[in-house]
Amino acid sequence: MKKTHIFFIILYFVYACEKNISTEDIVPEELKTFLIVDKGNIRYLDTILNAKNNSHYQVITFPIDLDSDGTEDISFYIKRISDFYLAFYSDFEIHSLNDKLKIITNDSILTPKILEIGDTLNTKKSWKKADKLSLLDINYSFFNRMDTEIIGNWYNISNKYIGFLIENENNPTYGWAKLSIPETGWITSLTIHEVGYIKAVYD
């Protein structure tokens, strides 16, 4: 083998070792399947955030430490405004408490993408970093159902998942939260069934 060929081979390996690879470009083998229950760290919460129907104005927040490192990463948020049982407005949101947090969203609208078991966390997904993301907005009129306005794709959703990424150069965290927003009565509740994560370690 010529000396010039050896030189270029060595140069290639040096470049490959020194290249700064984004954590979004690396998906570990165990994450090819979105939910791997026998490898992930899972907490079963089954927490119901339920706004009261008889409250004129109510805000509910529920912060969560997604990766169990002692720091809260995300907060689920419900705001409900009612007008003496004539109409109501409900707002379901996700607020980021960690500047390294990203969530898989839809390409067209800035709302968390609805994921299923078996979906993958890969570079084809749209990761977004935002202070808040809307799950669902509802303006409901009791006099005229035709005036009801529903914005967002998390209406009447049961046991679906959002995907998240907490960026870190050497050990990014990939994970999920399992949610339900049922169409029950005046649509006032959000259930957080579980959160799970897997840390990917790169030397």
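Two residues are in contact when heavy atoms of theirs lie within 4.5 Å, and the legends below use the word in this sense for a model that is predicted.

**Figure 1. The whole chain, with one helix and 11 strands.** Read from the N terminus, the elements run α-β-β-β-β-β-β-β-β-β-β-β, so that the helix precedes the strands in this DSSP-based numbering. Of the 203 residues of the chain, 41% count as buried, while the chain exposes about 11,500 Å², of which carbon and sulfur atoms supply 52%. Among the contacts with a separation of 6 or more, 60% are accounted for by residues 24 or more positions apart.

**Figure 2. Close-up of T105 in strand β5.** The strand that holds T105 spans residues 101–105. T105 counts as buried because its relative accessibility is 2%, and the cut-off for this class is under 20%. When neighbours within four places in sequence are left aside, T105 is in contact with L110, T111, P112 and K113, and also with S126, K128 and L133.

**Figure 3. Close-up of a nonpolar surface patch formed by Y57, V59 and I81.** Together these residues have about 260 Å² of accessible area. V59, one of the members of the patch, has its place in strand β2, which covers residues 57–64. With a relative accessible area of 38%, V59 is partly exposed, because this value falls between the limit of 20% for buried residues and that of 50% for exposed ones.

Terms used:
Residues numbered from 1 in each chain as written. Predicted model: local features only at pLDDT ≥ 70, side-chain atom pairs only at ≥ 80, totals over all residues. Heavy atoms only, no water. Helix = DSSP H or I, 4+ residues; strand = E, 2+ residues; numbered from the N terminus. Buried < 20%, exposed > 50% of the residue type's maximum accessible area, 1.4 Å probe, protein only. Areas by Shrake-Rupley, 256 points an atom, 1.4 Å probe, with all protein chains shown as cover. Patch = residues over 30% accessible without salt bridge, like charges linked within 9 Å, V, L, I, M, F, W, Y side chains within 5 Å. Salt bridge = Lys/Arg side-chain N within 4 Å of Asp/Glu carboxyl O.
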